[in-house]
Structures are given as structure tokens and as C-alpha cells.
Amino acid sequence: MKIGIISDTHKKLGRAKKAVDLLIDKGAEFIIHAGDIVREELLEYLEEKKIKYVAALGNNDFHLYRVVDKYNLTTEPYYFKFTNKTFKLMHYPKYIFPLDTDIIIYGHTHDIDISFNGKNLILNPGEVCARDSGFSSCILLNIKKNYYKVTLFYRKIKEKEWKSKVKEFLL
């Protein structure tokens with residue numbers, strides 16, 4: 001199962017669409033957004049793509065509470081099970097602890113985090129908006145029976161080509 005992970009798209013709808021398209025092109029069957037969606041148009045885009053998704057509301061998403069029933073939006077921390085793995089999704093990293101799920105996904109910091117302690121995979125895809133780093137970034141998580149394959153995609157502003165780095169973790 002391949003899962004696309006994005007966060008902190010903010011007002012950059014074009015960059016967000018490019019990240020979503022990349023993840024879908026790479027085989028993502030499910031998209032997770034770790035908050036600061038900002039633009040309702042991005043949620044409409046996910047609906048148009050007919051891809052399953054879940055999105056956590058971030059600190060810049062208060063205006064989206066009015067459409068929480070229209071889209072698959074959630075507050076944090078949000079626990080769910082998918083592909084026989086337990087997930088905890090949040091925007092703020094303050095909800096990381098306790099380490100009580102297989103996969104923990106957060107945003108807010110705009111910093112990439114791909115770490116594994118032998119039990120918990122912790123992921124922050126960085127920022128799609130490229131506000132702090134000058135790079136749009138997203139993650140494709142491939143869940144296999146005995147390992148996780150995490151591919152970080154990143155693209156400098158105004159460059160068309162996505163670059164990638166891969167990390168694999170044995171279970």
C-alpha cells in the first residue's frame with residue numbers, strides 16, 4: 001500500500017496540486033494531509049481526483065471548520081487504522097507523545113522528519129508551500145509486510161523536476 005503524505009500547503013494551491021499529482025502518479029492510493037491546508041480548493045481537488053484522503057485541521061485552518069462535514073477533515077490527534085497499521089495524525093508535534101501507534105504523522109514545523117525507533121515510524125513531510133526552505137516536499141510511504149519504504153520528494157521553487165531520497169526500515 002502506498003500512501004502520499006503532505007503538509008503545510010498554505011495558500012500555494014499550484015504547488016499543492018503538483019505534489020498531489022506527483023504522489024498519485026507514483027502510485028499513492030491514499031493521501032494524508034497533516035494540516036495548514038488553508039485553501040478549500042485543495043480539498044475540492046482531492047475530491048475531483050477521487051482519491052481517498054484524510055486531512056487534519058491546522059492552526060491556519062479555522063475557516064475550514066465550516067466545511068468539516070463536506071470533506072474528510074479531522075481534528076487532532078486523529079487515530080485510525082489502515083492497512084493493518086495504526087496511525088496518529090496531527091498538525092502540532094505536541095501530540096506525538098505517547099508513542100502509541102505504528103505510524104505518527106505531523107506537520108506545523110515545516111521541517112522534514114523521517115525517523116524510526118524500531119517500533120514507531122514518525123513522519124513530517126516538511127512543507128509543500130516552500131515558504132521556509134525554498135523547497136516543496138512530500139512523502140510517499142510504501143507499507144510492505146516486513147518493511148517501510150519512505151520516499152521523500154522535493155523540488156526547488158520554479159524547478160519542474162522532483163528529486164528524491166529513499167529510506168527503508170525493516171520491521
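The following exchange examines how several structural labels in this predicted model are justified.

Colleague: Why is Cys129 said to be in no disulfide?

Modeller: A disulfide requires two cysteine sulfur atoms within 2.5 Å. The nearest cysteine sulfur to that of Cys129 belongs to Cys138 and is 13 Å away, so the pair fails the cut-off. Seen from Cys138, the closest cysteine sulfur is that of Cys129, and 13 Å is too far for a bond. The count of disulfides therefore comes to 0.

Colleague: Are Cys129 and Cys138 buried or exposed, and how do you know?

Modeller: Buried means under 20% relative accessible area. Cys129 has 3% relative accessibility and therefore counts as buried. Cys138 has a relative accessible area of 0%, so Cys138 is buried as well.

Colleague: What does Cys138 touch?

Modeller: Leaving aside residues up to four places away in sequence, the contacts of Cys138 include Ile5, Ile6, Ala19, Leu22, Leu23, Pro125 and Trp162. Cys138 is also among the residues that touch the most other members of the largest nonpolar core, together with Ile6, Leu23, Ile31, Leu43 and Leu73. That core has 27 residues, and α1 supplies the largest share, 6 residues. Apart from it lies another core, of 24 residues, among them Phe87, Leu89, Ile139 and Tyr154.

Colleague: How do you know that the length of α1 agrees with its number of residues?

Modeller: Helix α1 has 13 residues, which should span 18 Å at 1.5 Å a residue; the end C-alpha atoms are 18 Å apart, so the two values agree. After α1 comes Gly27, with a positive phi near 105°.

Colleague: Which residues of α1 are buried, and what covers them?

Modeller: The buried residues are Leu13, Ala16, Ala19, Val20, Leu22 and Leu23. Their cover includes β1, β2, α2, β10 and β11. Helix α1, residues 13-25, lies across β1, β2, β10 and β11, and runs at about 25° to β10. Helix α2, residues 40-49, lies across β2, β3 and β4, and runs at about 160° to β3.

Colleague: What makes β4 and β12 edge strands?

Modeller: The open sheet has 7 strands in the order β4-β3-β2-β1-β10-β11-β12, with mixed pairing. β4 (73-74) and β12 (163-170) each have a single partner strand, so one side of each is left without a neighbour in the sheet.

Colleague: How do you know that β1 and β10 pair?

Modeller: Pairing requires at least two bridges between the strands. β1 (residues 2-6) and β10 (residues 135-143) are joined by 4 bridges and run antiparallel, so the criterion is met. Within this pair, Lys2 stands opposite Asn142.

Colleague: Why are β5 and β6 called a hairpin?

Modeller: β5 (residues 78-82) and β6 run antiparallel and share 5 bridges, and there are 2 residues between the strands. One of the bridges pairs Phe82 with Lys85 in β6. Thr83, in the turn, has a positive phi of about 50°.

Colleague: What is the sense of pairing between β6 and β7?

Modeller: The sense is parallel, over 3 bridges to β7 (residues 103-105). Lys88 has Ile104 as its bridge partner in β7.

Colleague: Why is β6 described as mostly covered?

Modeller: Of the 5 residues in β6 (residues 85-89), 4 are buried; each of those residues therefore falls under 20% relative accessible area.

Technical notes:
Residues numbered from 1 in each chain as written. Predicted model: local features only at pLDDT ≥ 70, side-chain atom pairs only at ≥ 80, totals over all residues. Heavy atoms only, no water. Buried < 20%, exposed > 50% of the residue type's maximum accessible area, 1.4 Å probe, protein only. Contact = heavy atoms within 4.5 Å. Axes fitted to C-alpha atoms, helices over the stretch in contact; angles between N-to-C directions. Expected span 1.5 Å × (residues − 1). Core = buried A, V, L, I, M, F, W, Y, C linked by side-chain atoms within 4.5 Å.
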